[in-house]
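Trainee: Can we go through this model by asking why each label is used? I'd like to see the reasoning, not just the labels.

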Amino acid sequence: MAEHMISVEEARAIVLAHIAPTDVVEVETWRAVGLPLAEDVATDIDLSPFANSAMDGYAVHSEDLAVATSDAPVTLDVVGHEAAGHVYTGSVGAGQAVRIMTGAPVPEGLDAVVKYEIVDVLDGDGNEGSRIAFTHPAKVGENIREAGLEAHAGERVLAAGEVLTSAGAGLAASAGHEKVRVHRAPVVGVLSVGTELVGVTDVPARGQIRDANATALLAAALEAGAEPRFFGIARDDEAAIAASVHEMVASCDFVITSGGASAGDYDFIEALVHREGEVLFDRISMRPGKAITFGILGGKPFLGLSGNPAAACVGFEMLARPAIRAMRGHTALDRSVQSARVDAPIAKRQARRFYDRARVVRDPATGTLAVDHSFSQNSALLGTLHRSNCLLVVPEGMQGLEAGDMADVVRIDLPEGAEL
């Protein structure tokens with residue numbers, strides 16, 4: 001009986017349909033950078049709270065300078081000095097000006113600021129007690145940032161769903177928010193399965209290999225926005241695997257295992273999910289990473305990835321990464337896709353969709369994108385994936401690609417939603 005494989009798009013839709021955003025928590029505003037806000041952020045004061053100078057110069061009555069020209073300068077007396085944080089409370093009459101610094105409140109009644117560089121100091125040092133000359137008129141509101149220029153008290157300054165930038169964090173702080181609300185990082189448990197696996201610091205004996213997948217998947221989960229937890233290595237033993245998986249289900253939001261593509265331990269995992277939960281798919285039409293199991297166990301999403309390193313990483317990229325991002329409240333879940341020229345023929349050997357590790361570069365002469373496909377596609381190798389910046393897509397049903405053909409590349413080096 002032929003095995004049933006579903007498309008990558010079907011698998012992704014199933015995964016996303018069975019996850020939900022995590023609960024909302026408060027975090028220090030600066031720690032929320034890069035995360036979508038879970039609630040609107042409103043300001044409790046006008047931003048800015050007072051009219052202030054946009055530059056160093058002199059605050060004036062614009063009408064005093066209405067007739068100023070280079071041939072007939074207008075002279076004013078400097079009656080005060082105002083720096084940021086200092087408020088000048090004296091009155092300013094006709095023919096008078098106040099020396100003012102950037103960010104300082106504009107004194108009552110003055111309606112323009114003339115920058116320091118175009119004012120001639122006739123007497124004194126330019127500060128209080130000096131006499132200064134102007135050779136051009138000033139417009140009402142010139143170089144003044146009005147109160148409430150960015151927002152008025154009670155108005156929303158950041159919307160729920162917006163991804164907070166460092167500038168946005170500063171805006172939230174200006175609006176009085178020391179903390180903001182975001183979806184907490186989902187706890188993602190990672191378990192490696194295989195009697196042949198040993199720890200990273202162990203020297204493998206003949207027939208053993210170091211467990212590289214766990215480190216790669218923990219790093220990928222962290223990069224996606226999760227709180228990753230490692231649950232060790234489970235030997236090819238049904239009871240040991242079940243005990244580890246049960247522990248993960250009890251303490252994690254998302255359970256990921258790596259390994260089990262061989263008969264035995266793979267059957268143990270799938271049998272456990274079948275027996276105690278629900279298997280939603282177990283084969284995907286993709287290479288690398290065909291043997292992927294997804295289901296629900298104990299109310300938690302469960303993803304069983306291949307033990308082949310590249311296959312595990314590509315499977316995580318296609319399915320776990322968008323799920324983790326959705327759990328954190330992100331709506332941009334798709335990596336950017338570009339069209340690039342293939343540098344050499346690519347033979348297609350099976351009906352599955354290929355995601356080949358590659359590197360895309362822009363031809364400086366023509367400006368077109370070209371994809372270097374010279375990397376080894378051996379699914380046991382992590383180095384080629386490390387040096388890749390894209391996955392070259394060879395769709396189902398194609399016999400392959402010829403040199404010069406255009407192909408889609410998934411940019412795994414760019415954030416989701418990036419505009420190219």
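Mentor: Sure, let's start with one residue pair: Leu392 has Val409 in strand 28 as its bridge partner. Keep in mind that this is a predicted model.

Trainee: How do you know that strand 26 and strand 28 are paired, and which way do they run?

Mentor: Pairing takes at least two bridges. Strand 26 and strand 28 (residues 406-410) are joined by two bridges, so they meet that cut-off, and they run antiparallel. Strand 26 also pairs with strand 24, again in the antiparallel sense, over five bridges. There, Phe354 stands opposite Val394 of strand 26.

Trainee: What makes strand 26 count as largely enclosed?

Mentor: Buried means under 20% relative accessible area. In strand 26 (residues 390-394), five of the five residues are buried, so the rest of the structure largely encloses it. Both faces take part: Cys390, Leu392 and Val394 point one way, Leu391 and Val393 the other, and all are buried.

Trainee: And why is Phe230 called buried, exposed or partly exposed?

Mentor: Between the buried limit of 20% and the exposed limit of 50% lies the partly exposed class. Phe230 has a relative accessible area of 41%, so it is partly exposed. Its place is in strand 16. Leaving out residues up to four places away in sequence, Phe230 touches Val190, Ser192, Asp211, Ala214 and Leu218.

Trainee: How far is Phe230 from Leu217 in sequence and in space?

Mentor: They are 13 residues apart in sequence, and C-alpha to C-alpha they are 9.5 Å apart.

Trainee: What makes strand 16 an edge strand?

Mentor: Take the sheet first: six strands in the order 16-13-17-21-20-18, open, with mixed pairing. Strand 16 (227-234) and strand 18 each have a single partner strand, so each has one side without a neighbour in the sheet, and that puts them at the edges. From one strand to the next, the twist averages 20°.

Trainee: What packs on that sheet, and which strands does it touch?

Mentor: Helix 1 does, touching strand 18 and strand 20, with its direction at about 150° to that of strand 18. Those two strands pair over four bridges in the antiparallel sense, and Phe281 stands opposite Phe294 in strand 20. Helix 3 (residues 213-224) lies across strand 13, strand 16, strand 17 and strand 21, running at about 165° to strand 16.

Trainee: Which residues of helix 1 are buried, and how do you know where they sit around the axis?

Mentor: Val8, Ala11 and Val15 are the buried ones. Their arc around the axis is only 65°, which means they are on the same side of helix 1. The cover over them includes strand 18, strand 19, strand 20, helix 6 and strand 24.

Trainee: Is there another open sheet, and what is its strand order?

Mentor: There's one with six strands in the order 7-4-6-5-9-8, also with mixed pairing. Strand 7 (112-115) and strand 8 (120-123) have a single partner strand each, so they stand at its edges. Here the twist averages 40° from one strand to the next. Strand 4 and strand 7 pair in the antiparallel sense over four bridges, with Val60 opposite Ala112.

Trainee: What makes the peptide bond from Leu47 to Ser48 stand out?

Mentor: Most peptide bonds are trans. The one from Leu47 to Ser48 is cis, with omega near -5°, and Ser48 is in the loop between strand 2 and strand 3. Arg287 and Pro288 are also joined by a cis peptide bond, with omega about 0°. Pro288 lies in the loop between strand 19 and strand 20.

Trainee: What is notable about the phi of Asn143?

Mentor: Phi of Asn143 is near 60°, a positive value in a residue other than glycine. Asn143 is in the loop between strand 9 and strand 10. Its relative accessibility of 23% is why it counts as partly exposed.

Trainee: How much space lies in the largest pocket?

Mentor: About 440 Å³. Of its 19 lining residues, Ala220, Glu223, Cys313, Glu317 and Leu385 are the closest to the centre. Helix 3, helix 6 and helix 7 are the elements giving two or more residues to the lining.

Technical notes. Residues are numbered from 1 along each chain as its sequence is written. This is a predicted model: local features need pLDDT of at least 70, side-chain atom pairs count only at pLDDT 80 or more; totals for chains, interfaces and linings use all residues. Side-chain values use heavy atoms; hydrogens and water are left out. Buried means under 20% relative accessible area, exposed over 50%, partly exposed in between (1.4 Å probe, protein chains only). The arc is that of the directions from the helix axis to the C-beta atoms. Contact means heavy atoms within 4.5 Å. Axes are lines fitted to C-alpha atoms, for helices over the stretch in contact, and angles run from 0 to 180 degrees between N-to-C directions. On a 1 Å grid over the protein atoms alone, a cavity is a set of points where a 1.4 Å probe fits but cannot get out, and a pocket is an open set with protein on both sides within 12 Å along at least five of seven lines; lining residues have an atom within 4 Å of a point. Grid points are joined across faces, edges and corners, and a volume is the space filled by probe spheres set on the points.
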